[in-house]
Structures are given as C-alpha cells and as structure tokens.
Amino acid sequence: MGSLSEPMQELEKMIQELLKMISAGKVGKILRRNLEKQEQMIDKLLQTKKTAMQLVQELMSTEEQVAQKLSDRDEELKVSLQKLQKIEDSLLLAREKGSKLKISTEELRKELEAVREEIEQREKKEAEETDASMSAIHLSQLYYQICPIDWDYSCEPTLIKGTHYGPDIAQPFSFDSGQHSSCFVSDYLWSLVPASW
C-alpha cells in the first residue's frame, strides 16, 4: 500500500468507508434521504423553472408594451417634426413676405418723400410765381397810374412802339432797339411822366 500514489490512497479510503456503511445498514437510509433531497431539489427546480418561465413571459410582454410605446412615441415625434417643419416653412415664407413688404414699404416711403418734396417745391415755386405775379400786377398798375402807356405788341420784335397818354395829350413813340440803347429808351419814357402826380 505504500507504493500507491496519494490520490489512489484517498480513493481506497473512501471505498473502505463506503463498505463499512453498507455493512452497517446505513446505506438504505442514506439513499432514501438522498432520494428525498433529490425530489425536493427537482420540485424546487421545476418551481424555479415555472417562475423563470413566468418572469420571461412577463418580461417579453413588458418588452412588447415598451416597444409599442416607443413605436407610438416615434410616430408622434414624426408627426410633431412634420408640424414643426411646416411651421418653420410658414415662418420662412412670412419672413420673406415681411422682408419684401418692408422693402416695398421703404420704396413707397421714399417715393412718398420724393413726391412730398416735389409738391413742396411746386408750392414754393407757385407761391413765388404768385408773389411775382402779384408784384408784377401791382407794379404794372402802379406804372400805368404813373405813366399810362399802351404798348403795341404787333410791331416787329426789334421795334419798341406804343402810345403814352399824358395829362394833356397822347404822344406816340417808336424806337428801333438796334439804333438806341435800352438806357436811352428808358430815360425817354420816364421823361414823359409828369413830375406832379
């Protein structure tokens, strides 16, 4: 026995122990006890398997529900994104229209300002012309009162022709503008005006 290896010696010890147990009659009790324990273990395994199957089914059901909810949320998100895109497109169009309207409004404002300036200039010019006309009418009436002259507009453009109506007599005049200076003509006409008026 000394020549056997150590594992073999242990195996031999176990065999001898088993033989003692068998010979003592304890093997039947141990086998029954082991069979009962095995049945209990099998029952526990079956119960655990059943519980595990239920858990797996519940887990699969929960996964399906979660998957359905996720699918529904994805669909809602797609619908929301489409609405958002439509709103953004509408906003972009509105901005473009607003920009065009702003440009159009600016152009109209500039045109309006130009028209206002033109109207103001015309009104100013008309006022000046009216003032000048009124002044010219006033001066012509004053000149006529001081010096009543009827001008002959049917004569040649180079001739200065008309009739001066003095207090006593009417005196016609005729000058050739090529032969006399405007200063001479003016002096002559003023010489016809009486000093007492």
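This is a short tour of a predicted model, moving from the whole chain to one helix and then to the strands.

Residues are numbered from 1 along each chain as its sequence is written. Because the model is predicted, local features need pLDDT of at least 70 and side-chain atom pairs count only at pLDDT 80 or more, while totals for chains, interfaces and linings use all residues, and side-chain values use heavy atoms, with hydrogens and water left out.

Begin with the whole chain in cartoon view, where three helices and three strands follow the pattern α-α-β-β-β-α along the sequence; helices (H or I, at least four residues) and strands (E, at least two) are DSSP runs, numbered from the N terminus. Of the 197 residues in the chain, 7% are buried, a term that means under 20% relative accessible area, with exposed over 50% and partly exposed in between (1.4 Å probe, protein chains only).

Next, select helix H1 (residues 6-24) and find Ile 15 in it. Ile 15 counts as partly exposed because its relative accessibility is 44%.

Now move to strand S1 (residues 149-151) and strand S2 (residues 159-165), which pair in the antiparallel sense over three bridges; two strands pair if DSSP finds at least two bridges between them. Show Trp 151 and, opposite this residue in S2, Gly 162.

Finally, add strand S3 (residues 170-176), which pairs with S2 in the antiparallel sense over seven bridges, and follow the hairpin that joins S2 to S3 through four residues. Selecting Ile 160 leads to Phe 175, its bridge partner in S3.
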